[in-house]
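Reader: I'm new to this one. Could you show me how to read its features?

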Amino acid sequence: MKKIEVVRGEYYDSVTLMLVAKEIKRINGVVDAVLNMATEANIDIMKAAGFEIEAGSLSPDDLLIGIDYRKDEIDRIFETARSYLESPPWKKKEDDTEYTPGTLEGALTVLRDANLALISLPGRFAAAEAMKALKNGLNVMLYSDNVTTEDEIKLKQYADRNDLIVMGPDCGTAVINGKGLGFSNVCLEGPVGIVAASGTGLQEVMVQLNRRGIGVKHGIGTGGRDVKKSVGGISFLKGIRELSDDPDISLIVAVGKPPDPEVKERILNSLKKTGKDCVICFMGDDCGKDEDRVHYSAELEECAVVAEAILNGKEVSAARDKLRAEYAGLSGWRPIEEVQGKYVRGLFTGGTLCYEAQYIAQSYINPIYSNAPLRKEFKLENSLKPIGHSFIDYGEDEFTQGRLHPMIDPSFRAEQLKEQSEDNSVAVVLFDVVLGYGCAENPSQEVIEAIRAVNRERKPVYVAYVCGTAGDPQDLAKQISLLEDAGVIVCESNARAALLASSLISRRER
């Protein structure tokens with residue numbers, strides 16, 4: 001049975017809600033537990049899961065506690081949930097002698113030399129704190145999403161006038177002086193500087209460079225909206241100037257989804273003026289032919305391959321040809337005639353990985369629907385009900401309002417993976433697993449538990465990519481082994497996984 005309890009006017013952060021839900025799920029008789037703030041998106045998700053909710057009188061500051069249970073002890077379970085919220089069982093007693101600043105001003109009394117503030121608050125509060133940080137002379141990494149475009153422009157214009165930078169909003173990854181922030185991987189430090197309007201795009205390029213023995217000194221995230229016409233690339237251009245002035249940087253990489261044409265022109269001109277070798281990867285965007293010190297790539301792994309060739313004094317065209325030959329070998333992989341279904345479902349925690357996968361897959365399967373499509377006519381009406389070939393980004397704002405990003409809490413994506421796997425029209429399920437600081441401790445485990453629970457005579461083929469390095473806290477080799485032991489085909493890059501998954505279906509149709 002499923003029951004909802006509403007707690008009016010009680011706001012809790014997403015991490016607390018996730019941890020309480022995990023504690024409740026351990027109670028005998030509880031099938032599932034879901035705790036969410038009552039945003040429109042969360043209400044839709046909980047309704048889709050079978051919880052009856054009257055949304056009319058709810059606000060985003062109301063808490064929803066949903067319990068799916070087998071026993072008649074539901075009142076005790078809800079009481080336990082409320083007690084956990086008030087006094088979390090996992091919370092350690094704080095040392096009374098330790099000063100933990102509760103405000104930005106308090107933190108600055110402890111860290112007087114700080115020059116960067118990382119802000120992670122609900123979107124409606126984040127802009128004010130970011131401006132406060134800027135006025136205190138701090139650069140800002142704004143992890144928060146759901147910040148308005150108007151606030152973003154104000155923050156970035158103020159920063160630019162005062163020789164500061166705002167990375168974000170919705171900036172999940174950055175590297176400063178070789179030290180990772182947010183969802184960063186453990187990578188080598190070296191002569192590469194990256195400016196990226198995409199979090200997992202930055203991670204994928206760093207990971208692919210690291211696998212080739214090349215390090216990154218700075219990885220400056222800007223947030224995806226920065227390269228839109230409305231914002232004008234303020235932070236992207238500032239990042240290029242900073243990397244240009246750093247004598248330790250010999251190669252600059254620019255990464256992101258295709259910018260607005262006017263913004264792209266400014267970025268290209270700025271890169272050409274640096275006098276340094278540059279590699280540009282605006283995925284799927286044809287920027288033109290390679291120039292003297294400026295090279296272009298359409299995919300993230302190719303971007304790393306080109307950068308490696310330049311730094312090692314190799315012929316760029318030969319490096320590209322070698323990569324294409326490896327890709328051609330993937331597209332010749334065995335067919336899947338024995339599997340039921342005819343569609344590919346891509347279920348991603350990384351937005352840029354989802355975008356790149358669509359770009360690659362469209363050469364083999366069409367149309368591809370998405371909540372973040374390459375073309376607006378293929379936008380899904382309901383992301384919880386994909387149709388045909390569909391690639392879903394579970395890190396989109398619709399899924400992260402009042403809940404954790406799926407790279408932190410992969411449980412919702414795992415639930416959707418199970419549900420899509422039980423659709424007999426689905427032949428291949430494509431997904432990513434992203435490692436690094438801040439990500440789930442054991443993300444592959446959630447996936448394989450979902451796969452094992454699939455109720456279908458012939459399960460679909462599972463194709464995955466694990467974005468991570470050997471130094472990441474989740475243990476790259478362990479994550480790959482868990483997936484392969486469950487029958488998942490694990491590829492060496494996101495591009496290779498998308499190519500394999502889509503070409504399997506394409507050749508089957510022919």
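Author: Let's go through the core, a sheet and some salt bridges, keeping in mind that this is a predicted model.

Reader: Okay, the core. Which residues have the most contacts inside the largest nonpolar core?

Author: In soluble globular proteins, nonpolar side chains tend to be buried together. Here the largest nonpolar core has 63 residues, and those with the most contacts inside it are Ile194, Leu209, Val253, Phe391, Leu430 and Val463. Another core, of 28 residues, lies apart from it and includes Leu347 and Ile448.

Reader: And the sheet: in what order do the six strands run?

Author: The order is S15-S16-S14-S17-S18-S19, in an open sheet with parallel pairing. S15 (368–370) and S19 (489–491) stand at the edges with a single partner strand each, so one side of each has no neighbour in the sheet. On average, neighbouring strands are turned by 20° against each other, direction ignored. Helix H7 (residues 199–211) packs on this sheet, touching S17 and S18.

Reader: Now salt bridges. Why does the pair Glu301 and Arg212 tie together parts that are 89 residues apart in sequence?

Author: Side chains of opposite charge can pair when their charged atoms come close. The closest N and O atoms of Glu301 and Arg212 are 3.1 Å apart. Glu301 lies in helix H10, but Arg212 is in the loop between H7 and strand S10, so the pair links parts 89 residues apart in sequence.

Reader: Is Glu301 buried or exposed?

Author: Buried, with a relative accessible area of 2%. Arg212, at 23%, counts as partly exposed.

Terms used: Residues numbered from 1 in each chain as written. Predicted model: local features only at pLDDT ≥ 70, side-chain atom pairs only at ≥ 80, totals over all residues. Heavy atoms only, no water. Core = buried A, V, L, I, M, F, W, Y, C linked by side-chain atoms within 4.5 Å. Buried < 20%, exposed > 50% of the residue type's maximum accessible area, 1.4 Å probe, protein only. Pairing = 2+ DSSP bridges. Helix = DSSP H or I, 4+ residues; strand = E, 2+ residues; numbered from the N terminus. Axes fitted to C-alpha atoms, helices over the stretch in contact; angles between N-to-C directions. Contact = heavy atoms within 4.5 Å. Salt bridge = Lys/Arg side-chain N within 4 Å of Asp/Glu carboxyl O.
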